[in-house]
Amino acid sequence: MGLPKPYRLKHWRQFQAVYTQGRRYSGRYLTLRCLAVEPPGFEPFQGDRPAQIGIAIGKRISKLAVVRNRLKRQLRAGLYPLLPGLVPNHYLVVGVKSGILECEREHFLRELETLLTKAEVWHGH
């Protein structure tokens, strides 16, 4: 199950902007980077665009694509119920640290909620 299209961070330029200009929040298993962005053609009554999310898992975590893709699916499944509570007009990149393979799914999903709250981009708490 993937994220809905409006919530996906797609282009490498968006990832690069988050890495160079965004704030970083670290936990034991995950790293969250976030960047507040202004909507294109911003007008007060135009409305906001939803937060866009990307997941970055390097080969350092595992050489096997099967393992990396399983982690991505688990993170997307954990993010899915949190989407309505995310603050709009933000780019978010969730990075994975090397200790994640030894922990249980519930632990890193709880940490994800903690990092989103710490970054003040999730008001569903």
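**Exercise 1. Cys103 and disulfides**

Work out whether Cys103 is buried or exposed, and how many disulfides the model has.

Step 1. Cys103 has a relative accessible area of 14%, so this cysteine is buried. Keep in mind that you're looking at a predicted model.

Step 2. Cys34 comes out at 2% relative accessibility, so Cys34 is buried as well.

Step 3. Now for the sulfurs. A disulfide is a covalent bond between the sulfur atoms of two cysteines. The cut-off to apply is 2.5 Å between the sulfur atoms. With that rule, the disulfide count is zero.

**Exercise 2. The faces of helix 1**

Find which residues of helix 1 are buried, and which exposed residues sit on the face turned away from them.

Step 1. Helix 1 covers residues 12-21, and its buried residues are Gln14, Phe15, Ala17 and Val18.

Step 2. Those buried residues span an arc of only 160° around the axis, so they lie on the same side of helix 1. The background is simple: an α-helix has 3.6 residues a turn, so residues three or four places apart point the same way.

Step 3. Flip to the face turned away from the buried side and you'll meet the exposed residues Trp12, Arg13 and Thr20.

Step 4. As for partners, the buried residues of helix 1 pack against strand 2, strand 3 and strand 4.

**Exercise 3. Helix 2 and a serine ahead of it**

Say what covers the buried residues of helix 2, then place Ser62 in the picture.

Step 1. Start with the geometry: helix 2 has 15 residues and reaches 21 Å from its first C-alpha to its last, close to the 21 Å expected at 1.5 Å a residue.

Step 2. The buried residues of helix 2 are Val67, Arg68, Leu71, Gln74, Leu75, Gly78 and Leu79. They take up an arc of only 135° around the axis, which puts them on the same side of helix 2.

Step 3. Their cover includes strand 2, strand 3, strand 4 and helix 3.

Step 4. Ser62 sits in the loop between strand 3 (52-56) and helix 2 (65-79). At 10% relative accessibility, Ser62 is buried.

Step 5. The Ser62 side chain reaches the backbone nitrogen of Leu64 at 3.2 Å. Setting aside residues up to four places away in sequence, Ser62 touches Val67, Arg68 and Leu101. Val67 and Arg68 are among the buried residues of helix 2.

**Exercise 4. Helix 3 and the nonpolar cores**

Decide which element gives the largest share of the largest nonpolar core, and what that helix packs against.

Step 1. The largest nonpolar core has 31 residues, and Leu30, Leu92, Ile100, Phe108 and Leu116 have the most contacts inside it. Strand 2 (30-36), strand 3, helix 2, strand 4 (90-96) and helix 3 (105-118) each give two or more residues to this core. Helix 3 supplies the largest share, with five residues.

Step 2. There's also a second, separate core of eight residues, including Leu9, Phe15, Tyr91 and Val93. Phe15 is one of the buried residues of helix 1.

Step 3. Back in helix 3, the buried residues are Phe108, Leu109, Glu111, Leu112, Leu115 and Leu116. Their arc around the axis is only 155°, so they share the same side of helix 3. They pack against strand 1 (23-26), strand 2, helix 2 and strand 4.

Step 4. Zoom in on Leu116: leaving out residues up to four places away in sequence, Leu116 touches Leu32, Leu79, Leu82, Leu86, Leu92, Val121 and Trp122.

**Exercise 5. Positive phi, and a loop contact**

Compare Asn89 and Glu120: where is each found, and is each buried or exposed?

Step 1. Most residues other than glycine have a negative phi. Asn89 has a positive phi of about 65° although it isn't a glycine. For Glu120, also not a glycine, phi is positive and near 60°.

Step 2. Asn89 is in the loop between helix 2 and strand 4, while Glu120 is in the segment after helix 3.

Step 3. Asn89 is buried at 11% relative accessible area, whereas Glu120 is exposed at 65%.

Step 4. Who touches Asn89? One contact is Val37, a buried residue at 18% in the loop between strand 2 and strand 3. Beyond neighbours within four places in sequence, Val37 also contacts Arg49, His90 and Tyr91.

Step 5. Finally, Val37 and Pro88 are 51 residues apart in sequence, yet their C-alpha atoms are 9.1 Å apart in space.

How values were computed
Residues are numbered from 1 along each chain as its sequence is written. This is a predicted model: local features need pLDDT of at least 70, side-chain atom pairs count only at pLDDT 80 or more; totals for chains, interfaces and linings use all residues. Side-chain values use heavy atoms; hydrogens and water are left out. Buried means under 20% relative accessible area, exposed over 50%, partly exposed in between (1.4 Å probe, protein chains only). Helices (H or I, at least four residues) and strands (E, at least two) are DSSP runs, numbered from the N terminus. A polar contact is a pair of N or O atoms within 3.5 Å; within protein, one must be able to donate a hydrogen and the other to accept it, and residues adjacent in sequence count only if both atoms are side-chain atoms. Contact means heavy atoms within 4.5 Å. A nonpolar core is a set of buried Ala, Val, Leu, Ile, Met, Phe, Trp, Tyr and Cys residues joined through side-chain atoms within 4.5 Å. The arc is that of the directions from the helix axis to the C-beta atoms. The expected span of a helix is 1.5 Å times one less than its number of residues.
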